[in-house]
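Let's take a walk through this one together. Have a look at the chain below, and then we'll go from spot to spot.

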Amino acid sequence: MEQLSIHINISAELYTKDPNSTDLGRKIVSTSIEMIDELGFESFNFKKLGQQIGSNESSIYRYFESKHMLLLYLNAWYWSWVEYKLVFATTNIKSSKVKLEEAIHMLTKRINVDNSFSYINEVILHRIIIAESSKTYHTKEVDAENEKGYFKPYKRVVQRVSDIVLENNPTYKFPHMLVSTIIEGAHKQRYFSDHLPSLTDTEKGKNNIVNFYTDLVFKVI
């Protein structure tokens, strides 16, 4: 099957030079995903990344001013990708109930590799989002970075699904709280299932996380 070429647009404020514009930039992104997953964000740095890709540390700084900005870029890329998948999956669905079921499924399921993006491993990136993404906004700079629009892709996803919630119940008062709780809660449950399984009720071969949040949402609204 021929591989599609789809471009995810990321705010230029998140990088110094667009990493998607060069082979080196794409290598920086793809290798950083692998290394953050392996080492953890605290142990990851540009010196280690440069050694891994056989490039000077200074060349990485030409693309990202810090590893924090790189993590913000990865976070924005992930949520922009989720938004693209969400729109594609729900656009032609007429039933509001079915549309919301599909949206919940998109937000809570295990991620598969999307072959439309050859240099991004979405499965590994999803693990990073689960384990590390809170570090993008649990900072002293969060308000200033929010003003700059760094979290817009995540907020757009929450808004889109909130709109679907209101299609099902226009009088529901807490759609954004509900949707952000689904997302953050599902990430916690995925993490627990891999590392602290006694804190969750996942079962091998069953979509218990998807089923739980689907059941929860429709009972709540």
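Where does Glu42 lie? You'll find Glu42 in the loop between α1 and α2. Keep in mind as you look around that this is a predicted model.

Is Glu42 buried or exposed? Its relative accessibility is 55%, so Glu42 counts as exposed, the cut-off for that being over 50%. Setting aside neighbours within four places in sequence, Glu42 still has company: Lys67, Glu132 and Lys135 are in contact with Glu42.

Let's follow the first of those names, Lys67. Along the sequence, Glu42 and Lys67 are 25 residues apart, yet in space their C-alpha atoms are 9.7 Å apart. Lys67 belongs to helix α4, which covers residues 67-90. With a relative accessible area of 25%, Lys67 is partly exposed, because that value falls between the 20% limit for buried and the 50% limit for exposed. Once residues up to four places away in sequence are left out, Lys67 touches Phe41, Glu42, Phe44 and Phe46. For Phe41, the C-alpha to C-alpha distance to Lys67 is 8.6 Å, with 26 residues of sequence separation.

Now stay with α4 and turn to the nonpolar interior. Which residues of the largest nonpolar core touch the most other members? That core has 59 residues, and the ones to click on are Phe64, Tyr73 and Trp77. Several elements give two or more residues to this core, among them α1 (23-39), α2 (46-53), α6 (122-132), α8 (152-168) and α10 (208-220). The largest share comes from α4, with 13 residues.

Next stop is Thr108, in helix α5 (residues 96-108). Thr108 has 1% relative accessibility, so it counts as buried, the limit being under 20%. What is Thr108 in contact with, leaving aside its neighbours within four places in sequence? The list is Ile182, Ala186, Arg190, Ile209, Val210 and Tyr213.

Finally, head for helix α9, which spans residues 175-195 and includes Tyr191. Tyr191 is partly exposed, at a relative accessible area of 35%. On the surface, Tyr191 joins Leu196 and Leu199 in a nonpolar patch, and together they have about 280 Å² of accessible area. Why can Tyr191 be part of such a patch in terms of exposure? Patch residues need over 30% relative accessible area, and Tyr191, at 35%, meets that cut-off.

Notes:
Residues numbered from 1 in each chain as written. Predicted model: local features only at pLDDT ≥ 70, side-chain atom pairs only at ≥ 80, totals over all residues. Heavy atoms only, no water. Patch = residues over 30% accessible without salt bridge, like charges linked within 9 Å, V, L, I, M, F, W, Y side chains within 5 Å. Areas by Shrake-Rupley, 256 points an atom, 1.4 Å probe, with all protein chains shown as cover. Salt bridge = Lys/Arg side-chain N within 4 Å of Asp/Glu carboxyl O. Helix = DSSP H or I, 4+ residues; strand = E, 2+ residues; numbered from the N terminus. Buried < 20%, exposed > 50% of the residue type's maximum accessible area, 1.4 Å probe, protein only. Contact = heavy atoms within 4.5 Å. Core = buried A, V, L, I, M, F, W, Y, C linked by side-chain atoms within 4.5 Å.
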